[in-house]
Amino acid sequence: MKIGVMGGTFDPIHNGHLVTSEEARYQFELEKVIFIPSARPPHKREVRRSPFEDRYRMVELALEGNPFLSVSMLEMEREGLSYTIDTLRELHRIHGRDAELFFITGADAILEILTWKDPAEIFAESQLIAATRPGYPLERLKEALPEYNSHGEPSTGRVHAMEIPSLSISSTDIRERVREGKPFRYLVPEPVWAYIVENSFYLER
Ligand code: ATP
Ligand code: MG
């Protein structure tokens, strides 16, 4: 079984995330993609985040109607900081060692992964899919990768660049737009837009 894993803060989830996951599912013939909102992201400790429950709810609303996409509480249920390596190991425990995991990221996050906990282990537990994202060239990727993962396989073979119809949408930009009263309605799925408006999210930061 090939399973896609989409990690992120999703504050809020937007159409860039959805296009990326759907494109990965199609291009890599994944059975499903699981969205895993980060509960306590180690690299965003200083950043103010919306409560987990709201970020989770917005993901749920965004995925409604697509049977191939689901959301998981895995990182909320675990204590402490949300390390990706722990999540990948847990997914292997749940779905079995034979499950092939594909961790899906944008071109910006893939370069950051090398600064995360146990990158060689991450490359052993899962293959990585890096989606093109405007402003983040993928050229540096190959030189930056660890040579081998902890199974002794070349890490480069575990990373796949994926062309997607590029969208320069980001959660940071959406939060700014809300604060400044600029339009953001069509950057997110309709129910997410409604949830943000109804709950007056992102008006002050
Ligand atoms: P923020 O601006 O708060 O960092 P973000 O838009 O980058 O938000 P994240 O929750 O940080 O969203 O991203 C989760 C994952 O989705 C990351 O791997 C990120 O690279 C990827 N991603 C986000 N937006 C896009 C996009 N427009 N195109 C491709 N990948 C994206
Ligand atoms: Mg980001």
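Colleague: Which residue has a polar backbone atom 2.8 Å from an oxygen atom of ligand 1?

Modeller: This is a predicted model: local features need pLDDT of at least 70, side-chain atom pairs need 80 or more, and totals for chains, interfaces and linings use all residues. Residues count from 1 along each chain as written, chains are lettered from A and ligands numbered from 1 in written order, and side-chain values use heavy atoms, without hydrogens or water. The pair is a polar contact (N or O atoms within 3.5 Å). The backbone partner at 2.8 Å belongs to Ser-171.

Colleague: How much of ligand 1 does the protein bury?

Modeller: Backbone atoms also approach the ligand at Gly-106, 2.9 Å from an oxygen, and at Leu-167, 2.8 Å from a nitrogen. Alone, ligand 1 exposes 600 Å² (Shrake-Rupley, 1.4 Å probe). The protein buries 91%.

Colleague: How many polar residues are in the shell around ligand 1?

Modeller: The shell (heavy atoms within 4 Å) has 22 residues, with His-14, Asp-108, Leu-167, Ser-171 and Thr-172 coming nearest. Five are nonpolar and four charged. Gly counts as polar. The polar residues number 13.

Colleague: What is the angle between the planes of Phe-10 and Phe-35?

Modeller: The structure holds six aromatic pairs (centres within 6.5 Å; under 30 degrees stacked, over 60 edge-to-face, the rest tilted). Phe-10 lies in the loop between E1 and H1 and Phe-35 in strand E2 (residues 32-37), so their pair ties together parts 25 residues apart in sequence. Helices are DSSP runs of at least four residues, strands of at least two. The Phe-10 and Phe-35 pair is tilted, 5.6 Å centre to centre, with its planes at 45°.

Notes:
Polar contact = N/O pair within 3.5 Å; in protein donor to acceptor, adjacent residues only side chain to side chain.
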